[in-house]
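Let's walk through this structure together, from charged pairs to strands. Please keep the model open as you read.

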Amino acid sequence: MIHSDATAWQHWQLTRDGEGLAWLSLDKAGESTNSLSAAVLAELSGVLDELERHPPRGLILRSAKAAGFIAGADIGEFDALADIAAARAMVTRGWELCNRLAAVPYPTLALVRGHCLGGGLELALACRTLVVVDEPGTKLGLPEVMLGIFPGWGGMARLPRRVGPGLALDLMLTGKTVDAKKAKRLGLADACVPPRVMEAAARSLALTPPRHQPLPLLQRLFLGPLRPVVARQARQQVAKRAWPEHYPAPYAIIDLWAKHDGNPLGAPEILESIVASPTTANLLRVFRLQERLKAFGKGGDFAPARVHVVGAGVMGGDIAAWCAARGLTVTLQDQTVARIAPAIQRAYGSLSKRLKDKLQLRNVMDRLIPDPEGHGAAHADVVIEAIFENLGAKQRLLQDLEARMKPEAVLATNTSSLCLEDLSRVLQRPERLVGLHFFNPVARMPLVEVVSAAGGDPAMARKACAFVGRIDKLPLPVKSAPGFLVNAVLGPYLLEAMACVDEGLTPETVDEAALAFGMPMGPLELADTVGLDIAMAAGQALTRQGAASPQCLTRLFQQGHLGRKTGQGFYPYPGGKVRKGAAGPVPAGLGERLLAPLIARTAQLVADGVVADQDLADGGVIFGTGFAPFRGGPLHYARSRNV
Ligand SMILES: C/C=C/C(=O)SCCNC(=O)CCNC(=O)[C@H](O)C(C)(C)COP(=O)(O)OP(=O)(O)OC[C@H]1O[C@@H](n2cnc3c(N)ncnc32)[C@H](O)[C@@H]1OP(=O)(O)O
């Protein structure tokens, strides 16, 4: 017999079954995703009161949402945390509630299906037993560090005790997630069960909780007397990728764990420094910008299943492989099978590194179909042209594709330098052509520019955005203009860096200034990576707009030094790896000088309507160029400097 408790809660449902187990489900009212708002936590406290009055034999905590378990604390309430008292209250609320759950006298079990992140995982860790459901969507992690904060509800203490401090710190300092099988393997979960038996498994494991394996002796020493050693090593690792003045949260996590056993309430100065740091507000802004871009890819009823890609070069091949890995059936066309084979081989090479499950790998490869005759175009929902940058060749191809495609399918070009209006001129229905500008390397770059030409059909652009969302990339709608947004803003930045070299600074010094600003790679190493021939062509396009061509670039180009691909550019690349000398002293203000043209161009493109507003431009530049996320975007940075 199952009956609900008389008390009605808005977000939680409590039922009791005939075996005396209480099943507590979170179904946050009015939201697609469960998150732990102040109201949700207050109600949970009420539920625990009720269970204290009528203790069950065991408690099973689960989600009633299809979208997942719990996505963490409610990020919608984070704006209020600029106030230190409010931040302290928020931490206290979750900290005390998790402790209270951990201390109840009956067995507790978290049944985790779908994402279980941040405060959601902290709540699950406060249960005695953690069971994960083996499904592709099940992901567990503590991603707080990505928002510039720390796991403040007890996860910093509980996770290291479960999986050992080294692994726990790795998860907390990178924010990466683990799937169900890995959660079990690491000891984070006690059991990993298939969906069809999850309730039966939860019931039996709640009543007879599995015995926790004690951590090995060395791990216990790392939690005890050797804790400072682990902390020192973690600090050294973090220092390799994050400067403390740019990203204070990873350092705060290490300090809180090492000196306060993960209790932020015991270290008000650390909590205060994180709340006061502009990085925290800016990373939260980046999360919101990301959600805004994601929203372009949602909604609508376009559900593409088949993609046809023409051009099996690096870009076309990688786009095809990515789409196949995201579950789409992909036909890849080029003139001969021999031209397609290297792309398939490259896809196999990179996918076999990412996909450990052999069956999954085989399924992905089965979906990636060589198609030298181009039969796939007739069945595809999205057709992407990704051949070499030649107007006539692309026009002929697009004409041919248009004649064979389904009328409602999206016709897209991956051009980065040709004008969409010139390409579409030859089509029967020019308004259907959109640009889908992917970035290299496709697997790593989250952004795709969705380009609309003048007179383009907005419905096609919306479908193109939905396709981008379907393959888990962030769509950025832009108007057709040279370089769109991302390449257009990178151009002046690279030219400024080359102007500095012409003035006598070494490439190392210039790149160091950009790294100190927070860029992921120096502009000259970036130019080498893109290829100096491509930089030269872009530079010449800009020269026509009045800028002088940098001498250093012309010289390298004339000598045939085209960057990484020829083994020499601004730097030598022995064995394919960059070799840099020591940077000289970085002149004051050099970082700002390098970025100023990028910022100015971003503002100009918003003014010209190439991108709809400042926030979208900031999101596009962050996700398209890696612009220092902790600065909140180029225009946000400019605004914050002027106040
Ligand atoms: C001390 C404790 C601190 C913390 O816990 S800090 C929070 C830590 N958690 C996170 O950082 C997770 C953030 N969220 C995500 O990474 C993703 O989202 C998900 C993986 C959970 C889901 O991704 P996807 O399936 O692509 O959906 P979607 O469009 O991102 O989200 C669906 C809706 O859910 C809202 N949402 C997601 N997470 C939270 C959250 N933590 N607080 C409040 N809302 C959240 C979104 O905004 C959106 O809303 P809409 O449908 O209205 O666009």
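Asp 17, Glu 19 and Arg 203 are joined in a network of salt bridges, a good place to start in this predicted model. In total, the structure holds 34 salt bridges. Side chains of opposite charge can pair when their charged atoms come close.

Have a look next at Lys 65, which forms a salt bridge with Asp 27, with 2.6 Å between the closest N and O atoms. This pair links distant parts of the chain: Lys 65 sits in the loop between β4 (58-63) and β5, while Asp 27 belongs to the loop between β3 (21-26) and α1 (38-53), 38 residues apart. Lys 65 counts as buried, at 14% relative accessibility, because the cut-off for buried is under 20%. Its partner Asp 27 has a relative accessible area of 25% and is partly exposed.

The strand that follows the loop of Lys 65, β5, takes us to an open sheet. Its four strands come in the order β5-β7-β9-β10, with mixed pairing. At the edges stand β5 (68-70) and β10 (177-179); each has a single partner strand, so one side of each is left without a neighbour in the sheet. Direction ignored, neighbouring strands here are turned by 20° against each other on average. At one end of that order, β9 (residues 139-141) and β10 pair in the antiparallel sense over three bridges, and Gly 141 stands opposite Thr 177 in β10.

Around these strands you will find another charged pair. Lys 181 and Asp 134 meet through their side chains in a salt bridge (3.0 Å, N to O). Lys 181 lies in helix α6 (residues 180-186) and Asp 134 in the loop between β8 (129-133) and β9, so the pair ties together parts that are 47 residues apart in sequence. Lys 181 is partly exposed at 48% relative accessibility, and Asp 134 is partly exposed at 31%.

Now move on to β13 (residues 329-333), a mostly covered strand with four of its five residues buried. Strand β12 (residues 306-310) pairs with β13 in the parallel sense over five bridges, with Val 309 opposite Leu 332. Between the two, the chain passes through helix α13 (residues 314-325), and this β-α-β crossover is right-handed. Strand β13 is also joined by three bridges to β14 (residues 368-370), again running parallel; there, Val 330 has Leu 368 as its bridge partner.

Finally, Arg 564 forms a salt bridge with Glu 525, the closest N and O atoms lying 3.6 Å apart. Here Arg 564 is partly exposed at 30% relative accessibility, whereas Glu 525 is buried at 11%.

How values were computed: Residues numbered from 1 in each chain as written. Predicted model: local features only at pLDDT ≥ 70, side-chain atom pairs only at ≥ 80, totals over all residues. Heavy atoms only, no water. Pairing = 2+ DSSP bridges. Axes fitted to C-alpha atoms, helices over the stretch in contact; angles between N-to-C directions. Buried < 20%, exposed > 50% of the residue type's maximum accessible area, 1.4 Å probe, protein only. Right-handed = clockwise from strand over helix to strand, strands pointing away. Salt bridge = Lys/Arg side-chain N within 4 Å of Asp/Glu carboxyl O.
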